[in-house]
Structures are given as C-alpha cells and as structure tokens.
Amino acid sequence: MTNQPQIAALIADEVLDSRGNPTVEVTVTLNDGTFAQTTVPSGASTGEFEAVELRDGDASRYGGKGVLKAVANVNGEIANALKGLDALDQRRIDDTLIELDGTESKSRLGANAILGASLACARAAAQSQRLALFQYLGGADAHVLPVPMFNVLNGGKHAANGPDVQEFKLVPLGAPTFREAYRYGAETYHALRAVLSEMGVSTNVGDEGGFVPQLDSNIAAMDAIMRAIERAGYRPGEDIAIGLDPAASSFYENGAYHLTRDKLTLATPEMIGYWKSWTDAYPLVSLEDPLADSDWSGFATITKELGDKVQIVGDDLFVTNRKFLKRGIAEGCCNSILIKLNQIGTVTETMDTAQMAFGAGYTCLVSHRSGETSDTSIADLAVALNCGQIKSGAPARGERVAKYNRLLEIEKMLGSDAMFAGQKAFAHPR
Ligand code: PGA
Ligand code: ZN
C-alpha cells in the first residue's frame with residue numbers, strides 16, 4: 001500500500017467563458033477523496049503555432065465553437081490513461097497526456113482537454129497535500145508577488161473600433177506591496193474613465209475590461225493614460241510605468257504593418273522606429289509582440305536597439321514553447337517571454353519553458369487569455385515561478401479581478417515572507 005494519492009476519476013463538462021463561448025471544465029477526484037476543478041481559457045489573437053484548441057465545428061451548436069469532442073476525450077481516453085497514476089507525479093501525468101495525444105500540436109485530443117486534465121490534477125494534488133497551489137508548484141521558496149500589468153485600454157482583436165494596439169497597460173512598479181499596486185491600478189483606471197469622458201469618447205470596455213475609446217491615433221491613447229496617472233496622483237515612470245502589447249501579427253499583412261488609426265503603412269525598420277519614438281517619449285517598461293510572429297530578424301533588431309531600455313516580450317513569437325524560445329535565445333530575439341498555460345497545454349511544459357527562459361536571462365510574464373473564467377490558477381503560477389510579473393486585464397470585471405484578488409490572498413498567506421517584485425522585475429540582463 002502506498003500513501004501517495006492516486007488519480008481516481010476525471011469528469012469534464014462544457015461551460016462558458018467570459019465571452020460567452022464554450023470551454024472545458026475538468027473535475028478530478030483522487031482516491032483519498034480530494035477533488036479539484038479547473039476551467040480552461042481561450043485566446044482571440046492566437047499565435048500561429050499555439051497548441052490546438054479542439055472545437056467541434058458543428059455549426060448547429062455555438063456557431064461551431066462547442067467543445068463536446070474535447071469533453072468526451074477527457075471523460076474517455078484521458079480518464080482511462082490517468083486513472084491510478086500517482087497524483088503527486090505531475091511530470092509523469094503530463095508525459096502520459098503528451099504521449100497519449102501523440103501529435104506535436106496536441107491536435108488529436110485538444111490542448112483544451114489536455115490542459116484541463118493537467119491543471120486539475122495539479123490542483124487536486126496540492127489540495128491533497130494541504131498546500132496552496134503556488135506552494136505545491138513552487139516549493140518552499142515561492143514568495144515573490146508579481147507586479148500586475150493592468151490592461152486599461154483595449155484595442156486590436158479585443159475591441160471593435162479601438163486602437164490598433166491591443167493592450168495599453170498600467171505597471172505600478174513603484175508600489176511597496178501587491179495590495180498597494182492593485183489600488184494604484186484601480187484608482188488610475190477610474191481616473192482614465194474620467195479623462196476619456198472629458199474627451200467625449202466612449203468608456204465602454206473590451207474583452208479584458210479596458211476602455212475602448214475611438215481615438216484618431218494610437219499615441220492619443222498613451223497621452224490619455226499619462227494624464228490619468230497624474231490625475232490619480234501618481235508619478236509616471238516612478239509609481240506607474242506603462243506596458244504595451246501591440247500584438248503586431250494582427251495588423252501585419254503582405255510584409256507590412258498597417259496602422260489603421262494612424263493611417264500608416266510601415267515596413268519593419270519603420271515599425272521599429274515607431275516603437276523607438278514611443279520608448280523615448282513615454283515611461284515604457286514592457287513591449288510585447290511589437291512585430292509580427294514571422295518577423296524573427298526584426299525581433300533580433302528591435303531587441304538589440306531597445307532591449308536595454310524596455311523589456312521585449314515574445315508572446316505569439318514563442319507561444320510558451322521551448323522550441324521557439326530556443327530559437328529566440330540563439331538569434332537574440334526578445335529578453336522576455338509571455339507564459340500562457342494553454343499555448344503549450346500542460347503544467348510541466350509551461351514550467352519547463354519558464355526555466356529555460358530564466359536560464360537565458362529572460363524575464364517571464366505570466367498571462368491570462370482574452371477569453372477567461374473565474375479560475376485563478378495563473379495567480380498561483382506567477383508566485384510559484386517567482387517571476388515577478390503577471391497580466392490579467394483591467395482591475396475590473398469578475399474573471400480579471402479573480403486572479404488579482406487571489407494574489408491579495410496569497411500576499412496575506414505569505415505574511416512577512418511576501419516580497420513584491422517592484423522595479424526589480426524589469427531588470428534587463430541581456
Ligand atoms: P489573447 O490575447 O488571449 O486573445 O491571445 C492576449 C495576448 O495577446 O497577450
Ligand atoms: Zn500578447
């Protein structure tokens with residue numbers, strides 16, 4: 001008889017995410033009676049090489065977006081393969097899932113089915129050991145509270161009629177604690193609403209809770225944010241810096257960048273010059289996907305030119321996949337990587353990717369997806385990795401604040417052991 005808890009059952013269901021689209025929920029039961037649940041997020045501006053989200057394609061249900069096949073894969077093949085495995089052996093669980101699927105892109109069983117199973121097992125294992133998820137995944141040293149990046153102004157694929165740039169984020173790196181950083185962010189979010197109202201533009205919100213004003217240029221959004229930071233009583237750059245995710249693949253076509261709001265069409269060197277002028281003029285600390293995910297040589301150039309001033313983050317470029325990160329490290333592309341569990345599909349591979357990044361001196365930014373649920377696992381993942389950075393949208397809307405609220409809870413649990421990453425999270429070692 002072993003004392004190790006074993007996986008007893010997995011049950012999946014089709015539920016809805018924050019955009020009203022179906023997603024996979026998985027409940028795992030262990031033989032010691034523990035059970036835990038997770039739900040899987042879903043992106044809109046997805047990278048070309050992300051692990052495949054399995055959708056039914058049956059136009060008569062949810063416009064083809066149903067996930068009954070993925071649910072059936074969990075209830076059938078996946079449950080059979082995992083039953084009886086040691087619940088504390090996450091690497092073995094994830095290897096079993098990868099082998100069972102048998103494809104590089106996880107397209108047979110679906111990355112949504114596989115991640116649901118992987119993450120639910122991790123959650124159940126933590127619970128059976130009476131540990132918080134961040135403690136179970138990160139061990140005794142997990143103690144760094146990440147700097148939150150609040151996406152307060154939405155554009156691109158997350159907001160019709162918004163700016164071309166997908167995400168304008170407040171980065172309250174000057175706060176002394178996570179709790180204070182949260183307050184800085186929320187107060188500035190409300191100040192931004194007032195600034196935009198005075199400008200006579202819309203304060204309706206996009207998929208991640210940020211405002212979607214109809215502005216004449218992308219840079220007008222930066223100016224509104226600068227004003228909001230000051231109106232809320234903070235010093236731009238010192239208390240609150242700015243992060244951007246242009247998600248440039250979404251406006252790249254036929255070898256050029258098309259900025260509709262600015263009425264500009266730019267080649268790669270001009271696009272880099274555009275970001276350089278923003279970096280010179282604003283307190284930018286993080287620039288994610290400033291170029292398209294096929295533009296590897298452009299990424300090498302921008303990292304060389306701006307990487308000592310601003311963190312260059314690869315999201316669509318790396319898709320949380322070691323294969324692409326390895327190429328990026330070799331070619332000098334980026335000095336930071338976005339970490340999204342469902343881009344790669346298992347907990348173990350996600351953590352392996354983060355470790356590879358740390359080994360090369362890259363920072364890691366743990367991320368939600370634009371389609372989310374109230375699942376808070378990424379908050380724990382960020383603390384487990386001690387990576388010091390997270391983005392989970394605006395400090396508003398239930399599925400976004402669930403993660404930030406979980407971080408408040410973790411900060412309380414850690415007490416005097418908690419360390420807020422602050423400015424140090426944005427050191428640029430490369
Ligand atoms: P997505 O957007 O979840 O729609 O992919 C988030 C991001 O691009 O970082
Ligand atoms: Zn991104």
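So, the space that ligand 1 takes up: in this predicted model, that space is the second largest cavity. How much of the 280 Å² of accessible area that ligand 1 has on its own does the protein cover? The answer is 100%.

Okay, who's around ligand 1? There are 14 residues around the ligand, and the ones that come nearest are Ala 44, His 158, Arg 369, Ser 370 and Lys 391.

Let's go through some polar contacts, since you'll probably want those for your setups. Ala 44 uses its backbone here: an N or O atom of that backbone sits 2.6 Å from an oxygen atom of ligand 1. With Lys 340 we're looking at the side chain, where a polar atom is 3.2 Å from a ligand 1 oxygen. And then there's Asp 245, with a side-chain N or O atom 3.1 Å from an oxygen atom of ligand 1.

Hang on to Asp 245, please, as that residue takes us to the metal. Which protein residues act as donors to the zinc ion, ligand 2? They're Asp 245 through OD, Glu 288 through OE and Asp 315 through OD, at 2.0 to 2.2 Å from the zinc. If you like your sites as patterns, the spacing along the chain reads D-x42-E-x26-D.

Two of those donors tie together distant parts of the chain. Asp 245 belongs to strand 7, residues 241–245, while Glu 288 belongs to strand 11, residues 284–288, and the pair is 43 residues apart.

Buried or exposed, then, for Asp 245 and Glu 288? Both are buried.

So if you remember one residue from today, take Asp 245: a zinc donor, with a side-chain atom 3.1 Å from a ligand 1 oxygen as well.

Technical notes: Residues numbered from 1 in each chain as written. Chains lettered and ligands numbered in written order. Predicted model: local features only at pLDDT ≥ 70, side-chain atom pairs only at ≥ 80, totals over all residues. Heavy atoms only, no water. Donors = N, O, S within 2.8 Å, 3.2 Å for Na, K, Ca; no water. Helix = DSSP H or I, 4+ residues; strand = E, 2+ residues; numbered from the N terminus. Buried < 20%, exposed > 50% of the residue type's maximum accessible area, 1.4 Å probe, protein only. Near = heavy atom within 4 Å. Polar contact = N/O pair within 3.5 Å; in protein donor to acceptor, adjacent residues only side chain to side chain. Areas by Shrake-Rupley, 256 points an atom, 1.4 Å probe, with all protein chains shown as cover. 1 Å grid on protein atoms, 1.4 Å probe; cavity = no way out; pocket = protein on both sides within 12 Å on 5 of 7 lines; lining within 4 Å. Sits in = over half its atoms within 2 Å of the grid points.
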